[in-house]
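This report goes through one model with attention to its metal sites, its charged pairs and the packing of one helix. The sequence and the structure are shown first, and the discussion follows.

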Amino acid sequence: MKACLLCGSRLRQEIPLADLIRLTPLQKRAICEACSPTFSALNLLPTCSSCGRRRTTDMSDPCYDCLRWEKDGQFKFINSAMYEYNPAMKDYMKRYKFAGDYRLRKVFSDQIHEQLKKQSAIIVPIPVGKDTMATRGFNQVTGLLENDRYLNLLSVRFDKKAVRQSAKNRQGRLLLDQPFEMIESQKNQVKNQAVLLVDDVYTTGTTIRHAAALIQQAGAASVKGFTLAR
Ligand SMILES: [Zn+2]
Ligand SMILES: [Zn+2]
C-alpha cells in the first residue's frame with residue numbers, strides 16, 4: 001500500500017472527488033487528501049502579471065516588487081508560478097531541500113510535467129553550486145523536472161550561501177556579480193530560441209533575473225520564468 005510522502009498516511013486508491021469535479025487527468029498521487037489542500041494553487045487566483053505572485057485587492061499590477069525592478073532599470077521579465085509560497089510550501093521546501101529528502105520531488109514532478117509539456121521553449125533549470133551539491137547531493141530543480149527534457153546551460157560561479165551571508169539587503173544583492181556562467185559547449189543551442197528558466201521558488205527575483213540576463217546576452221529570442229512557488 002502506498003503512503004503519503006508528506007504525512008505517511010495510507011493513500012486511498014479511489015479517485016478523489018476533487019479530481020472528478022475538475023476533470024483533471026488521473027495522476028499518480030504522491031500525497032493524501034489531507035495534505036493536498038494545504039498547498040495554494042495560483043492558477044485560479046489573480047496574480048501579478050510580471051512575477052506571478054498572488055495579487056490581493058490592495059496590490060497594484062505589476063506588484064510593488066516588480067515596479068521596483070522596473071525602476072532599477074531592469075529589463076521586463078515574466079515569471080509564472082504554480083503555488084503560493086505559504087507555510088505548507090515553506091515546510092515542503094525545508095524537507096525537500098534542507099533536509100535533503102529526494103523522494104519529495106515526486107510531490108510535484110508530475111504536475112510540473114503536465115504544465116511544461118504543453119510549451120515548446122527550451123527548459124533551462126537554475127543550477128546549484130558545488131557546495132550545495134556536496135551537502136544536499138542533488139539539484140532540487142532538476143529533481144522536480146525528472147519527467148521533462150531540459151538543457152543544462154548554466155553553472156554557478158560561486159556558492160549561494162556565501163552570497164547570502166555577504167549581502168543581507170536588497171541593494172547588496174543587486175550589486176553582486178553575476179552568480180552564473182554559461183556552459184560554453186551549450187551556449188549555441190539557445191541562439192534565437194525561446195527559453196523557459198525553471199526554479200523552485202521565486203523570492204526576490206534576483207537569482208532568476210541574473211540567469212535570464214545571461215541567456216538573453218547569449219542571443220535567446222525570449223526568456224521567461226517558471227517556478228513551483230512564489
Ligand atoms: Zn498526507
Ligand atoms: Zn510582481
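## A buried charged pair

Lys97 is buried, with a relative accessible area of 14%. In this predicted model, the partner of Lys97 in a salt bridge is Asp200, and the closest N and O atoms of the two lie 2.9 Å apart. Lys97 belongs to helix 3 (residues 87-98) and Asp200 to strand 5, so the pair ties together parts that are 103 residues apart in sequence. Asp200 likewise counts as buried, its relative accessibility being 3%, and since the limit for a buried residue is under 20% relative accessible area, both 14% for Lys97 and 3% for Asp200 fall within that class.

## Other salt bridges

The count of salt bridges comes to 11, and the pair just described is one of those with a stated N to O distance. The table sets it beside two others.

| Pair | Closest N to O | Relative accessibility of Lys | Relative accessibility of Asp or Glu |
|---|---|---|---|
| Lys97 and Asp200 | 2.9 Å | Lys97, 14%, buried | Asp200, 3%, buried |
| Lys117 and Glu114 | 3.2 Å | Lys117, 49%, partly exposed | Glu114, 23%, partly exposed |
| Lys187 and Glu184 | 3.7 Å | Lys187, 32%, partly exposed | Glu184, 57%, exposed |

Beyond these pairs, a network of salt bridges links Arg53, Asp65, Arg68 and Arg230.

## Two zinc sites

The zinc ion (ligand 1) is coordinated at 2.3 Å by the SG atoms of Cys4, Cys7, Cys32 and Cys35. The angles among its 4 donor atoms run from 107 to 116 degrees, and the site is tetrahedral. Along the chain, the donors of this zinc ion (ligand 1) follow the spacing C-x2-C-x24-C-x2-C. Cys4 lies in the segment before helix 1, whereas Cys35 lies in the loop between helix 1 and helix 2, so the pair ties together parts that are 31 residues apart in sequence. Cys4 and Cys35 are both buried.

The zinc ion (ligand 2) has as its donors the SG atoms of Cys48, Cys51, Cys63 and Cys66, at 2.3 Å. Here the 4 donor atoms subtend angles of 105 to 117 degrees, which makes the arrangement tetrahedral. For reference, the ideal angle for four tetrahedral donors at a metal is 109.5 degrees. The spacing of the donors of the zinc ion (ligand 2) along the chain is C-x2-C-x11-C-x2-C. Cys51 and Cys63 each lie in the loop between helix 1 (17-22) and helix 2 (64-71), so the pair ties together parts that are 12 residues apart in sequence. Both of these residues, Cys51 and Cys63, are buried.

## The packing of helix 4

Which residues of helix 4 (residues 109-116) are buried? They are Ser109, Asp110, Ile112 and Leu116. Seen down the axis of helix 4, these buried residues fall within an arc of 160 degrees, so they line one face of the helix. The elements against which the buried residues of helix 4 pack are strand 1 (79-83), strand 2 (122-125), helix 6 (140-144), strand 5 (194-201) and strand 6 (222-229). Strand 5 thus appears twice in this account, as a packing partner of the buried residues of helix 4 and as the element that holds Asp200, the salt-bridge partner of Lys97 in helix 3.

Terms used: Residues are numbered from 1 along each chain as its sequence is written. Chains are lettered from A and ligands numbered from 1 in the order in which they are written. This is a predicted model: local features need pLDDT of at least 70, side-chain atom pairs count only at pLDDT 80 or more; totals for chains, interfaces and linings use all residues. Side-chain values use heavy atoms; hydrogens and water are left out. Buried means under 20% relative accessible area, exposed over 50%, partly exposed in between (1.4 Å probe, protein chains only). Helices (H or I, at least four residues) and strands (E, at least two) are DSSP runs, numbered from the N terminus. The arc is that of the directions from the helix axis to the C-beta atoms. Contact means heavy atoms within 4.5 Å. Donors are N, O and S atoms within 2.8 Å of the metal (3.2 Å for Na, K and Ca); water is not among the atoms, so sites may look incomplete. Four donors count as tetrahedral if all angles lie between 85 and 135 degrees; four count as square planar and six as octahedral if opposite donors are over 155 degrees apart and all others between 65 and 115; anything else is irregular. A salt bridge is a side-chain nitrogen of Lys or Arg within 4 Å of a carboxyl oxygen of Asp or Glu.
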